Amino acid sequence: MNGQPERPARIAAAFRSRFGAEPLVWCRAPGRVDLMGSHTDYNLGCVLTLPIDRDTWIAARPRPDRIVQAHSLNLDADTRFDLDALARAPGRAWCNYLRGVASVLRADGQSLCGFDAVLHSTVPLGGGLSSSAALECATATVFETLGGWSLDPVRKARLCQQAENEFVGVNCGILDQYTACAGRAGCALLLDCRDLSAQPVQLARGLQVVIGDTRSKRELAGSEYGQRRAHCEAGARQFGVKALREVSLDRFRQHESALPADVAKRCRFILEEDERVLRMAEALTRGDTEAIGRLCTASFDGARRLYEITTPAMHAMRDAMLQAPGVLGARQAGAGFGGCLVAFVDPGAVDAFTAAVRRGYQDRTGTVPELYPVHAVAGAGRVDGAMLGSGWSSRPSVEAGPGGGDGLPCQTAT
Ligand code: ADP
Ligand code: MG
């Protein structure tokens with residue numbers, strides 16, 4: 001149901017059958033993939049990140065009370081909560097993403113309105129392409145639209161990150177939410193995690209990004225992620241700085257031998273990866289395919305030997321990608337420990353590439369992978385009328401006007 005005409009129809013049908021009415025607003029937020037920059041975010045370095053055309057849609061209708069009711073088509077699950085009693089549900093319940101967003105927006109002083117909603121995502125859940133941030137940012141956009149106010153995209157991203165940190169209990173950086181909120185169509189973002197500034201990076205023609213999901217479990221991700229962070233923090237302390245970003249590669253090389261071996265390996269990877277981010281931004285703009293391939297190889301080798309975040313499934317996916325026709329380069333995406341890889345492919349060879357990778361990965365692992373050719377899209381907002389097709393509207397929020405019953409903005413916002 002990715003971008004296909006039946007997507008809005010299916011969401012609207014589910015909405016009608018649950019709530020006996022048509023949805024009035026349609027909001028969306030994209031998933032993302034990093035093109036270069038593994039684990040550089042929490043070291044306050046740079047990341048080259050791409051908002052992708054796999055996204056989360058929420059079709060909603062305001063309610064006259066303070067209740068939010070939502071149905072996830074992905075999980076076939078419902079949630080219902082009161083905006084005046086925003087408790088955290090135990091464990092990693094999916095409703096916490098919605099409740100968390102409501103809670104931080106309310107604490108930020110925004111007026112919130114109850115709504116009924118059906119949501120659907122084409123971002124794989126738990127695959128490292130940030131379905132959680134897409135859900136948070138789409139939810140914030142629904143509140144924003146129904147409330148009749150508007151948040152700066154970076155502020156929205158910060159609040160959604162806060163929701164995930166504090167309400168869901170995941171210690172993520174801001175990368176996912178930033179990309180989901182501030183992305184620009186046709187561009188990657190070169191995000192500087194030190195000052196949260198970003199520059200759009202126009203990808204040269206002749207480059208197709210293809211994501212390969214290994215579909216392997218990411219069980220170690222939590223504990224290993226924490227250890228990598230701890231090693232980086234230990235390295236930064238040795239240099240007397242707040243984050244590795246403040247250490248130059250030259251200075252690091254002079255003092256590398258004095259560091260514990262594990263810490264030295266982790267720091268070397270981060271500092272080299274940070275340089276690769278800047279070089280990759282140039283290579284992608286120029287369409288320098290030789291440099292793209294070289295940088296991908298160096299990134300994956302570092303992830304494997306220095307940062308030690310690769311797994312046999314990731315090796316199998318990379319080998320399958322590098323042997324497929326049209327490949328220009330392939331590397332890890334996200335935090336590693338399974339999950340996805342990202343490849344740069346000659347646009348004329350995408351079908352042959354995906355067919356060969358599917359076969360090659362299955363031969364090596366016995367698992368059928370998911371392969372997603374992706375394009376860069378805009379950050380969170382209303383669903384474009386053209387995407388909805390005929391029959392569904394994404395009406396402007398003032399269309400029915402105050403007091404108009406179904407009209408927006410919401411009448412009961414506080
Ligand atoms: P990722 O962000 O890489 O996809 P996470 O573990 O951070 O992985 O987030 C995945 C979780 O987010 C899911 O297990 C679920 O709780 C929640 N989630 C994301 N999208 C949806 C959705 N469409 N419906 C319900 N829950 C969702
Ligand atoms: Mg996530």
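A polar contact is a pair of N or O atoms within 3.5 Å; within protein, one atom of the pair must be able to donate a hydrogen and the other to accept it. With that in hand, the predicted model offers a good place to begin at Thr310, whose side chain makes a polar contact of 2.8 Å with the side chain of His315. Thr310 belongs to the loop that runs between α9 (289-305) and α10 (312-322). Its relative accessible area is 17%, and because buried means under 20%, Thr310 is counted as buried.

A short step along the chain leads to Pro312, which lies in helix α10. Here the setting is an exposed one: the relative accessibility of Pro312 is 68%, and the cut-off for exposed is over 50%. Pro312 can also be placed against a residue farther along the sequence. Val368 is 56 residues away along the chain, and the C-alpha atoms of Pro312 and Val368 are separated by 15 Å.

Attention now turns to the ligand site. Ligand 1 is surrounded by 18 residues, of which Ser72, Gly126, Gly128, Ser131 and Ser132 are the closest. The space that ligand 1 takes up is the largest pocket. By residue type, the shell around ligand 1 holds nine polar residues, eight nonpolar ones and one that is charged. Two elements, β5 (115-121) and α3 (131-147), each supply at least two residues of this shell. Helix α3 makes the largest contribution, with three residues.

Several of the closest residues can be described in atomic detail. An oxygen atom of ligand 1 lies 2.8 Å from a backbone N or O atom of Gly126, and a backbone N or O atom of Gly128 is found 2.9 Å from an oxygen atom of the ligand. Ser132 takes part through its side chain, where an N or O atom is 3.0 Å from an oxygen atom of ligand 1. Taken alone, ligand 1 exposes 560 Å², and the protein buries 84% of that area.

The backbone itself has two spots worth a friendly pause. Most residues other than glycine have a negative phi. Ser130, however, has a positive phi, near 70 degrees. Ser130 sits in the loop between β5 and α3, the two elements that each give at least two residues to the shell around ligand 1. With a relative accessibility of 7%, Ser130 counts as buried.

The other spot is Asp76, where phi is also positive, near 50 degrees, in a residue that is not glycine. Asp76 is located in the loop between β3 (67-72) and β4 (77-82). Is Asp76 buried or exposed? At 59% relative accessibility, Asp76 counts as exposed, whereas Ser130 is buried at 7%.

One last residue rounds out the description. Lys156 is part of helix α4, which covers residues 153-168. The relative accessible area of Lys156 is 5%, so this lysine is classed as buried. Its C-alpha atom and that of Val101 are separated by 9.8 Å, although the two residues are 55 residues apart along the chain.

Conventions
Residues are numbered from 1 along each chain as its sequence is written. Chains are lettered from A and ligands numbered from 1 in the order in which they are written. This is a predicted model: local features need pLDDT of at least 70, side-chain atom pairs count only at pLDDT 80 or more; totals for chains, interfaces and linings use all residues. Side-chain values use heavy atoms; hydrogens and water are left out. A residue is near a molecule or strand if one of its heavy atoms lies within 4 Å of it. Accessible areas come from the Shrake-Rupley method with a 1.4 Å probe; for residues, only the protein chains shown count as cover. On a 1 Å grid over the protein atoms alone, a cavity is a set of points where a 1.4 Å probe fits but cannot get out, and a pocket is an open set with protein on both sides within 12 Å along at least five of seven lines; lining residues have an atom within 4 Å of a point. A molecule sits in a cavity or pocket if more than half of its atoms lie within 2 Å of its grid points. Helices (H or I, at least four residues) and strands (E, at least two) are DSSP runs, numbered from the N terminus. Ala, Val, Leu, Ile, Met, Phe, Trp, Tyr, Cys and Pro count as nonpolar, Asp, Glu, Lys and Arg as charged, and the others, Gly among them, as polar. Buried means under 20% relative accessible area, exposed over 50%, partly exposed in between (1.4 Å probe, protein chains only).
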